[in-house]
Amino acid sequence: MFKKIKIDFFINTKLFMVLSMFIFLFSNVAFAQEQKVTGVVIDSKNIPIPGVNVLLKSTGAGAITDADGKFTIKVEDKNSELEFSSVGYKTMSQKVGNSSTLEIVLKEGSQDLDEVVVVGYSTQKKKDLTGAVSSVKMDDIKDLSTSGIASAIQGRATGVTVLQSSGSPGSPAAVRIRGIGTFGNSEPLYIIDGMPADNMNDLNPNDIERMDILKDAASAAIYGSRAANGVVIIQTKKGSNKEKTSISFNTYLGLASPTNKIDVLNAEQRNMIHSEAFTNDGLAIPAYYSSDYAKVTRTNWQDEIFTDSAVQKNYDLGVSGASNRARYNIAFGNLDQEGILKGTGYDKTTLRLNTDIDIIENLKFGENLMLTSSEQTTVPDTGDGGAIASALRYDPSVPVYDPATGGYSGSGELGTDLKNPVSIVERADQKTRRKRIFGDMYLEYKFLNDFTVKTDFGYDWSRNDDKNFYSRVPEAGRATDNNELYEAYLESTRKMNTTTLKYDKSIGDHHFMALGGTSYEVYNELNGETSVGGFISEDPSQRYVSAATEVRYLHGGRTEWALQSYFARVNYDFLGKYLFSVSYRADGSSKFAKDNRWGYFPSVSAGWRISDESFFDGLKDQVQSLKLRASYGSLGNQNIFSNYPTKALLSDTRYKAVYGLDESLNYGRYESNIPNPDLKWEVTTQSDLGMDLTFLKHFDLVFDYFVKESSDILLQVPITSVSGVKENPWRNAADVTNKGYEVSLSYNTKINGIGIRAYGNLSQVKNEVTSLGDGSTSAIYSDTYNGQAITRTTVGEPISHYFGYKTAGIFKSQAEIDNYKNSAGEKLQSNAQVGDVKFVDYNGDGAIGGDDRTNIGDGFPDVSYGFGADLDYKGFDLSLFFQGVAGFDIFNAVKYQGMNVNPKYNQFSEILDRYHPVNNPNGNGPRVSTIDENGNKQFSDLYVEEGDYLRLKNITLGYSFNKELLKKVKLEKLRLYVNLQNYLTFSKYNGFDPEVGGHSGVDYAQFPQPKTFLMGLNINL
């Protein structure tokens, strides 16, 4: 283990300045005598190609060929290099040389095939890949307002599902690659500039160049132990080779508002429904409902807690350039977002410095450094104690403020056991401050022409500080005389060294690449939490530990783990059309006992570029490229929520109890877990068959079919509560299979000067639990609501599917109740009345009971898709992007409360469709009741809704000013744009937002996604 190193966050700004000055010492701008070059661009049939982009690589200056394929451009000297690119043709580069006239022949094919993709400690051209890799270019999402990059890639990569757990600014999204294959942490492994990371929330999206997502075992196996959930490789922007300093400034300003609000009963409707419920139950109607006070709707609680004008601001400033020996990119960014729930917000500032320096010939030094500081302001929003659920259920007759006292109004005569929603928002004092230093330094040396050795040292330090103050609540509802200050911190340090040796050689028609390496990673974490109370004054200046009069508990701890790895990969291709790759990785983890510490993860893959065969020549006009791929391999997973599952742990009792001979109050210690020394690695085996196709010059199609089998899954098996431990023990106790397909199609062309790019992708995955170990556990129940189990995991079904009763509508007559009998002639629902829910005797045993509960839905989408189009014409650009899911179910827990009468609360307007023999005989919902003798509130498919949706995620209209005009004011680029996000949604879901994630698809009144209007500006100097 490394010694603890404490680094003050702000000291590193000095490091930033020193390195910046160091880079500028290497930076100089070279000027040379310009010369004019003219030329023509033609295809293989000698036909001129109009609209070809001609780029001078050293300066970025450009030209476009005219209708006859001709161009004119100024270059620096004969060593200048020009790049030629056009839709439907392969990009090529050409040095000017001594000629002032050039003839360029472009070969047909997709530019995408020449893309360089990062695949794990090395790179490959896309055309040479034998694994399943999806790529996302940041140019496609540059105009979006988002605090995290995960939400921006939603729907843009096949096989990737992004689950938005909250619309609160700064809240992370969950990323799932090819389904869910584990009960622990299902997040993929993130690799940022070669350094592993647990998440990418601290990244500034504007700093990212591209993302490559490794989905199958062949592409991800070299990352071994943590690649079972896939790998997301992120490359940040580096300094260009242009020997000039480039300055870019990007900014936007916008407003966010709710996409939807839920209709609830007004005061008169509430009085009617509640009175009807009491009458149905044979009870007297309380006088409150006929009072003048109760007849008036005084407050729309949703309007009080939400805002329609949450400000969104962002600024990004970048400086990049190069000298003959160094390249650099310096970036500063600030994001300031207000939430649509009043009192919420997020402010994040980032600094980035990336450099590459050629120390001597063949020896290069580089570093990537990111400094981040953020503050997230939240309010209690989700669940019964949150502002959103309270706003949906609070008495509409009650005003926000009590006119008699001037303070917040209490729950009123109904006796609602909820806090005033506005008081929740305005009293909230919850902040999370986060700082992070993330980066690496490397040395790379090339020798003997074909060998490259590289060693990389990475460092990742972060600290989270949470501070929550809970005020006294004097008004009725959830009144309390207590106040509390809760503070917690988590400080983590990750250090890593990776060293690789690569051999890359072409001999005739044979090409070899062999890479081997080793890495060592160590992680340390310090944490602590404090709860104090008894504050005499609640003034913000007094909300510190020193002002408290009582200490409720103190807690702190330290945890660590380490990982040692060895890995190798060999790529071989013959004639550029027969492709082979093998990789192997061995990982040793401190999380497992000595006998099971090491895991071994091999993979093999192959590809065949059929279109390069001679027998394919006759099809080249229709099919420009066709490649078949196949891969097989295994991956590992150690991402469980305990670093010591094989060890017995001691925990403190947190609160005092009577101990010792003198029977005095003391803190104590106890064994808090049952260790399992036999734990071993989770292993995921994956097979993949794929095809890459470019046809009709403008279309690119990628198709993959995969089977992903996870075995020996690590999970916590429930044990009896009298065992005396607070955590269930870990076991290798389950197998899960995910199988499905992925397809993406894109179209690129230029028609009459209009650039057109259309694209779409679709992914389907089926999840099934195939084993729960030795049979000692038949099912695992993971989520509960209102005292009922609502999700279950069992063999033959998806992980954590909804578990409840199936229904067959409602009883519309007494005869229907009387005729609903078992084989013995007994009524199945003897307590039912007309208008009650009819439950299905699912197991056919002649009785309605717990054994009739079954799978009533799945909170993970079967299908994820996205499609869009980009158009550009004479400086104007228009972009549209749609995203959606299908085969997705949501337990609407908010509806569960809003569709059942509890006289303490208000209900949804949807309850007006209840059955009543006189007032609403055609009603489709169950009759209202306060007693519910039939059990209508039992968890059933009545409360599980179809969550499928199609959403217009983004539409952008921009205009870039003419480059010749900009040269006169010394600008390289000036672009203005407007952007709309989430402005159109098609869904049958009745909640706030169908984008519900992170809670098995359960909607606990989550913070909804906002719709946003932005105006932005891009400037390059």
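1. In this predicted model, a nonpolar patch of about 730 Å² lies on the surface, and the residues that make it are Phe 876, Leu 957, Val 978, Tyr 983, Leu 984, Phe 986, Phe 1013 and Met 1015. When you look for the patch in the structure, it helps to find these side chains one by one and then view them together.

2. Which strands each supply at least two residues of the nonpolar patch? They are β53, which covers residues 973-987, and β55, which covers residues 1010-1020. Of the contributors, β53 gives the most to the nonpolar patch, since four of the patch residues come from this strand.

3. Leu 984, one of the patch residues, is found in strand β53. Is Leu 984 buried, partly exposed or exposed? Leu 984 counts as partly exposed because its relative accessibility is 38%, and the partly exposed class lies between the buried class, under 20%, and the exposed class, over 50%.

4. A separate point concerns an open sheet, in which three strands follow the order β4-β1-β7 with mixed pairing. Its edge strands are β4, at residues 70-75, and β7, at residues 101-105, and each of these pairs on one side only. On average, neighbouring strands of this sheet are turned by 30° against each other, when direction is ignored.

5. Within this sheet, strand β1, made of residues 35-42, pairs with β7 in the parallel sense, and the pairing extends over five bridges. To follow the pairing at the level of single residues, start from Val 40, whose bridge partner in β7 is Glu 103.

Technical notes
Residues numbered from 1 in each chain as written. Predicted model: local features only at pLDDT ≥ 70, side-chain atom pairs only at ≥ 80, totals over all residues. Heavy atoms only, no water. Patch = residues over 30% accessible without salt bridge, like charges linked within 9 Å, V, L, I, M, F, W, Y side chains within 5 Å. Areas by Shrake-Rupley, 256 points an atom, 1.4 Å probe, with all protein chains shown as cover. Salt bridge = Lys/Arg side-chain N within 4 Å of Asp/Glu carboxyl O. Buried < 20%, exposed > 50% of the residue type's maximum accessible area, 1.4 Å probe, protein only. Pairing = 2+ DSSP bridges. Axes fitted to C-alpha atoms, helices over the stretch in contact; angles between N-to-C directions.
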